[in-house]
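User: I would like to go through the pockets, the ligand site and the backbone geometry of this model. Please give the reason behind each label.

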Amino acid sequence: MTSLRFVFLFLLISFSTAAQKDYKLWLQYNTVADSTAASEYKNNLKGIAVLGNSETIKIAEKELKTGFADMLGSIPEIRKDVKGENNLIVGSQMNLSSEIKTELQADLNKINTEGFVIKAILLKNKKQIVITGKNDIAVLYGVFHFLRILQTNKSVKDLNIADSPKTNIRILNHWDNLDRTVERGYAGFSLWNWQKLPDFIDQRYIDYARANASIGINGTVLTNVNANALILTPQYLEKVEALANVFRPYGIKVYLTARFSAPIEIGNLKTADPKDPEVINWWKNKSAEIYKRIPDFGGFLVKANSEGQPGPQNYGRDHVDGANMLADAVAPFGGVIMWRAFVYSEHDANDRAKQAYAEFQPYDGKFKENVMVQVKNGAIDFQPREPFHPLFGAMPKTPLMMEFQITQEYLGFSAHLVFLPKLFQEVLESDTFQKGKGSTVAKVVDGTLYKNKLTGTAGVANIGNDLNWTGHPFAQANWYGFGRLAWNPYLDSEVIAEEWLRSTFSNNENFIKPVKNIMIESREAVVNYMTPLGLHHIMDTGHHYGPGPWVSNLSRPEWNPTYYHKADKNGIGFDRSKSGTDAVWQYAPEAAKLFDNVETCPEKELLWFHHLSWDYKLKNGQTLWNGLALKYQQGVDQVRKMQDVWNKTENYIDSERFNEVKMLLEIQHKEAKWWRDACLLYFQQFSGKALPDGVEKPTQTLEYFKSLKFPFAPGNG
Ligand code: GCW
């Protein structure tokens with residue numbers, strides 16, 4: 001009996017520690033196994049001087065304690081002043097002694113208000129390591145960076161880092177509804193428990209803020225862009241205020257989505273016309289009311305006149321009128337308006353890819369100073385691969401914010417391992433040619449190309465109340481990587497992958513090397529088994545889960561996959577060249593020429609820009625049909641390889657996460673085959689050709705694949 005009880009207790013404890021690993025994200029603070037590194041840390045970090053008393057500094061101190069206790073087994077002596085040598089000195093420049101400040105002045109001059117300095121210095125011949133910045137939030141960023149150095153077992157001896165974020169607003173967009181469902185959410189329900197707020201502060205809110213601060217995220221839009229006006233009522237604002245209070249010491253500002261028709265819905269006005277004095281006043285008063293509660297409220301994110309959302313066009317006004325009216329309302333308080341450019345018209349059947357540019361580009365220079373236009377990375381919609389959005393670089397007088405989607409709406413939900421920073425990097429590195437060669441998207445986003453004052457990057461969150469936050473253990477890497485790239489859009493995704501793996505799992509090279517390769521290859525794998533060679537938006541309709549290239553019966557043409565692939569007996573692909581819809585024209589001439597000419601168009605984007613015959617010869621000599629089929633097969637093979645690699649990692653990590661990923665890879669493999677078979681069988685009806693050697697026989701008939709229905713697929717409202 002006793003032994004049974006013991007076994008039970010043991011199981012309970014091991015369950016909860018394993019579960020904690022899933023929950024702890026990249027902040028595992030595993031014991032430093034490398035004894036050389038561990039003794040170096042201990043020798044160089046004998047004491048910690050924590051300067052300052054703010055909530056933020058207390059958080060930094062607590063974080064250091066946790067980090068040291070977990071990674072090194074003991075916490076150095078913590079003092080409020082500097083004594084002796086080999087101390088870690090932590091505090092903002094305001095709290096540094098004049099001696100240290102003088103020593104670090106050159107470094108402090110290099111950083112911006114959110115940047116930090118981490119430097120090993122000699123003070124009166126005594127070795128010290130200083131973490132500082134212009135304010136306490138910057139110090140907190142420095143502390144997390146420092147802990148990452150320990151987590152990744154790097155040396156602390158000659159530290160000399162001065163690092164600043166390259167964009168001002170690094171923000172998550174939660175598509176969370178007030179009933180806690182999450183549009184395109186695949187990790188459970190919304191974190192925000194509106195019912196229990198403001199009185200009940202879930203520990204999760206604090207852990208969320210901590211995780212975000214650790215990667216430099218400094219803003220969060222709590223609510224769905226398909227907005228509900230109720231969030232702007234006092235009943236809800238009180239709850240928002242409670243969240244803002246939790247997030248503030250972590251440097252995170254709260255933003256909300258503004259439903260354009262709110263003045264009617266909750267304000268009892270007859271109109272929401274942005275030129276109507278009563279409406280203007282209503283938003284002014286509403287903003288004042290919000291800022292009274294939340295003095296550092298960030299501002300509003302707006303989806304207007306897009307997919308049925310209300311907007312200024314309902315009143316014969318335009319996006320500029322709408323955005324500027326709201327901008328005026330928040331300007332006195334330092335707020336910003338993030339106005340989305342995700343629009344496509346139901347009256348223009350020509351080419352959806354052209355519509356956002358056509359509508360927004362002419363507005364360049366017309367928005368108020370505190371308006372940012374938020375542009376999705378591609379012109380259609382968060383596909384596994386899209387060419388960069390033509391608006392990037394094309395609005396020199398308007399700050400453009402990047403919108404990435406971290407949640408995997410079109411990339412296998414939270415069942416597929418896809419390392420998105422690889423996708424993000426590809427977009428950021430794309431050359432817009434708008435100011436000559438080298439005018440990359442990154443330079444538009446960080447404002448250096450056109451010297452914009454306001455800059456930012458938004459990511460549609462993949463976070464929910466699942467135990468592991470993101471549904472898939474590896475989807476945590478996408479949250480992490482988004483934060484890192486929002487901080488610095490020039491970071492290499494492979495470096496990010498390695499950092500994340502070391503902090504999340506293990507520093508063992510035998511684990512790191514192969515698993516990093518999986519991550520790096522995973523993005524190309526998903527492109528191959530879903531939408532190779534530039535195909536796009538052929539997912540099943542509504543929920544976007546699984547293949548649906550045959551769907552052609554939806555009311556709006558551009559909601560149908562057949563609109564995007566245009567397969568017929570002559571060939572496949574969307575002709576956006578000069579002879580087609582001429583969407584290429586929206587790019588700078590150098591880029592336009594590149595895409596327009598089928599010879600120079602990158603093959604990975606071939607069918608995005610061109611409609612080609614099934615016999616068209618690819619660069620490798622294969623016909624388009626054979627090449628396409630082989631790409632689908634390659635995608636499946638890549639997943640199989642990922643499985644092989646993963647199956648050998650069992651000894652390096654905890655069994656819980658090992659098994660989770662193993663099961664998820666099995667799903668991914670099954671679904672990769674589903675994609676391959678369904679798409680090839682469907683396209684084969686048009687090509688009329690046999691599958692080339694090397695492509696496995698389909699597992700089911702086309703009719704079977706067409707019959708699959710998923711009425712309860714998650715995230716679909
Ligand atoms: O990707 C599409 C999604 C919608 C989403 C929309 C948008 C929030 O399918 O669910 O709505 O984009 O970005 O506004």
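**Ligand site and pockets**

Analyst: In this predicted model, a polar side-chain atom of Arg340 lies 2.7 Å from an oxygen atom of the ligand.

User: What makes that a polar contact?

Analyst: A polar contact is a pair of N or O atoms within 3.5 Å. The Arg340 pair, at 2.7 Å, therefore qualifies. The side chain of Lys376 also places an N or O atom 2.7 Å from a ligand oxygen, and for Asp381 the distance is 2.5 Å. Both pairs fall within 3.5 Å, so they count as polar contacts too.

User: How much of the ligand does the protein cover?

Analyst: On its own the ligand has 340 Å² of accessible area, and the protein covers 97% of that.

User: Which residues come nearest to the ligand?

Analyst: Glu183, Lys303, Lys376, Asp381 and Glu409 do, out of 15 residues around the ligand. A residue belongs to this set because one of its heavy atoms lies within 4 Å of the ligand.

User: How do you know which residues line the largest pocket?

Analyst: A lining residue has an atom within 4 Å of a pocket point. For the largest pocket, 31 residues line the space, and Arg184, Glu307, Tyr344, His544 and Trp559 lie nearest its centre. The volume is about 490 Å³. Domain 2 (169-495) and domain 3 (528-574 + 611-707) each contribute at least three residues to this lining.

User: What is the make-up of that lining?

Analyst: It has 12 charged, 10 nonpolar and 9 polar residues. Tyr344 and Trp559 are counted as nonpolar, because Tyr and Trp belong to that class here.

User: Which helix gives the most to the lining of the second largest pocket?

Analyst: That is α3 (55-72), with 6 residues. Helices α1 (2-23) and α6 (203-214) each supply at least two. The pocket has a volume of about 380 Å³ and a lining of 18 residues, with Lys62, Glu63, Gln203, Asp207 and Arg210 nearest the centre. By class, the lining holds 8 nonpolar, 3 polar and 7 charged residues. Domain 1 (20-163) and domain 2 (169-495) each provide at least three of them.

User: Why is the phi of Glu307 pointed out?

Analyst: Most residues other than glycine have a negative phi. Glu307 is not a glycine, yet its phi is positive, about 45°. Glu307 sits in the loop between β10 (299-302) and α10 (319-330), and is one of the residues nearest the centre of the largest pocket.

User: What is the omega of the peptide bond from Leu197 to Pro198?

Analyst: Omega is near 5°, and the bond is cis. Most peptide bonds are trans. Pro198 belongs to the loop between β7 (169-173) and α6.

Definitions and conventions: Residues numbered from 1 in each chain as written. Predicted model: local features only at pLDDT ≥ 70, side-chain atom pairs only at ≥ 80, totals over all residues. Heavy atoms only, no water. 1 Å grid on protein atoms, 1.4 Å probe; cavity = no way out; pocket = protein on both sides within 12 Å on 5 of 7 lines; lining within 4 Å. Points joined across faces, edges and corners; volume = space filled by probe spheres on them. Domains from an automatic or database assignment. Helix = DSSP H or I, 4+ residues; strand = E, 2+ residues; numbered from the N terminus. Polar contact = N/O pair within 3.5 Å; in protein donor to acceptor, adjacent residues only side chain to side chain. Areas by Shrake-Rupley, 256 points an atom, 1.4 Å probe, with all protein chains shown as cover.
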